[in-house]
Amino acid sequence: MTSIGIVGTGVAGLHLALMLQQHHVSVTMYTDRTPDQVASGRLPNTVMHHYGTRERERELGVDHWPLADAGWWTRYHSVLGNPGIDYRGNFDDASTAVDYRLYLPRLEQDFCARGGEVQVGRIDLAGLEALSGRHDLIVVATGRGPLAEMFGRREDLSPHTAPQRICLAGLFTGVDRPAPEGVSINVSRGVGELIEFPIVSAQGKVTGLLFEAMPGGVLEVLARTKYDEDPGTFDKLVLGALEQHFPRVFARVRAGEFGLLGPTDLLQGGVTPTVRNDYVQLGSGRFALAIGDCHAAVDPVMGQGANAASYSAFVAGRAILEDVALDEMFCQRVAAQRAEVVQGATQVTNMYLEFPEHLRTLQAACVRNQTVSDAVAAAFASPDKLWRIVKTPERVDAFIRRIEQL
Ligand SMILES: Cc1cc2nc3c(=O)[nH]c(=O)nc-3n(C[C@H](O)[C@H](O)[C@H](O)COP(=O)(O)OP(=O)(O)OC[C@H]3O[C@@H](n4cnc5c(N)ncnc54)[C@H](O)[C@@H]3O)c2cc1C
């Protein structure tokens, strides 16, 4: 019987493990952290799941959070300026956000309750070699940690060697939500972006704020200021940034009630966008396949990393179910099948961070034509499709023409 070892209990590892489990494939998960450690730890990210991931959650039977709490159907866009730019896109399939300190332990609980085995302990390269003697395939889903380096960086798809934004992500209280509820993407040119959205936390629904500061810019102080040293000063600093650079969100702050939810509800730092090789052959002759951030890590600004990780998990899972051997040909097939979506997510995110002129053309079309805006909003759930729209100025023009002639 085929046996799969999955290292890492993030979204990539868990979606793959749950999928294989549904099809009665023998899976063992390995992780360096227990669900309790994850649940009681620092905010790891602020993840929005889009349509494809939500479909997979339904398929896996892990769609535990009702849309009334966790979902929305609208994206608000606002660019600060004189005049500013404001438009909104509506989509039919909800996006959701649940604090991963609730989400991941719950999915691990599902996996174990359905008979799955999780072994706790840090795995290093030697440990991985040892595991390959026990399993037909090792799937490495360890995120951006050191094990990812074994796959080697793909220079052709990794144009940056440092983070392009320095981030502050946190859960906040005291912000009224827009009606209808949705994610708001706020841009202050030359300064950075703010993504604001509802998120289900251990303390109920709160506001997620993800500040994306341009390195060396005026917002970077947010990512460098320690909350614990003086919570009051920290909250005031964030509020000041909202007032000055993101007035659309500031207008919904309830005076006297704004603040970080708690000392562990923030994350500060940056992601170096990196695509790595899909697989390596281990000393045993068996193969290790990379999925999730371990394979492709992107800046969080477009909300793509976890969605691509889940997609990648399902591509790998289906290939495991279908193929006759888990050899190099299998790894190459997985690589080819996921390339368009995973590389779409990385390329489109890198482009949005630079925001070339033709994206402004697209933005202008979104302002004047609601159908264009809705189509772009919906395409955020399909990074391959979004990349096909925005890759070149000619493609943007063709996309706009096609919709405006309808
Ligand atoms: C602020 C922020 C906001 C984000 N927002 C979004 C968003 O809106 N939408 C979106 O799609 N993505 C978003 N992302 C990206 C998303 O968080 C990641 O792409 C996703 O969580 C990666 O999942 P993963 O399973 O690959 O890795 P991880 O979640 O990093 O999981 C890695 C797992 O491996 C384990 N592990 C690590 N090393 C070892 C080892 N040596 N031995 C054993 N176990 C090990 C860890 O404990 C963990 O269980 C955001 C990221 C950040 C930082």
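The residues of the shell around the ligand divide by class into 17 nonpolar, 15 polar and four charged. Keep in mind as you read on that this is a predicted model. In total, 36 residues surround the ligand, and the closest of them are Gly8, Gly10, Gly143, Gly292 and Gly305. Four elements give two or more residues to this shell: helix H1 (11-22), strand S2 (26-31), strand S8 (166-173) and helix H10 (305-322). The largest share, four residues, comes from H10.

Where does the ligand lie with respect to domain 1 and domain 2? Both domain 1 (3-47 + 98-160 + 272-352) and domain 2 (166-269) give residues to the shell, so the ligand lies between them. The chain also has a domain 3, which covers 356-404. Taken over C-alpha atoms, the centres of domain 2 and domain 3 are separated by 28 Å.

Now for the helices. Two packed helices are described by the angle between their axes and the distance between the axes. Two pairs can be followed in this model, and the table gives their values.

| Helix pair | Angle | Axes | Crossing |
|---|---|---|---|
| H1 and H5 | about 25° | 10 Å apart | left-handed |
| H12 and H13 | roughly 120° | come within 5 Å | left-handed |

Let us begin with H1, one of the elements that give two or more residues to the ligand shell. This helix packs against H5 (residues 100-113) at an angle of about 25°. Angles under 35 degrees count as roughly parallel, and H1 and H5 are therefore roughly parallel to each other. On the H1 side, the contact is made by Leu14, Ala17, Leu18 and Gln21. Leu104, Leu107, Glu108, Asp110 and Phe111 take part from H5. By class, the residues of this contact divide into six nonpolar, one polar and two charged.

The other pair is H12 (residues 357-368) and H13 (residues 370-379), whose axes cross at roughly 120°. That angle makes H12 oblique to H13. Which residues of H12 and H13 meet? Leu362, Ala365 and Cys366 in H12 meet Val372, Ser373 and Val376 in H13. The contact of H12 with H13 has five nonpolar residues, one polar residue and no charged residues.

To follow all this in the structure, you could start at the ligand, between domain 1 and domain 2, and pick out Gly8, Gly10, Gly143, Gly292 and Gly305 as the closest residues. From there, H1 leads on to its contact with H5.

Key
Residues are numbered from 1 along each chain as its sequence is written. This is a predicted model: local features need pLDDT of at least 70, side-chain atom pairs count only at pLDDT 80 or more; totals for chains, interfaces and linings use all residues. A residue is near a molecule or strand if its C-beta atom, placed from the backbone, lies within 6 Å of it. Ala, Val, Leu, Ile, Met, Phe, Trp, Tyr, Cys and Pro count as nonpolar, Asp, Glu, Lys and Arg as charged, and the others, Gly among them, as polar. Domain bounds come from an automatic or database domain assignment. Axes are lines fitted to C-alpha atoms, for helices over the stretch in contact, and angles run from 0 to 180 degrees between N-to-C directions. Angles under 35 degrees count as roughly parallel, over 145 as roughly antiparallel, 65 to 115 as roughly perpendicular and the rest as oblique. A crossing is left-handed if the near helix is turned anticlockwise from the far one by less than a right angle, and right-handed if clockwise. Two residues are in contact if their C-beta atoms, placed from the backbone, lie within 7 Å.
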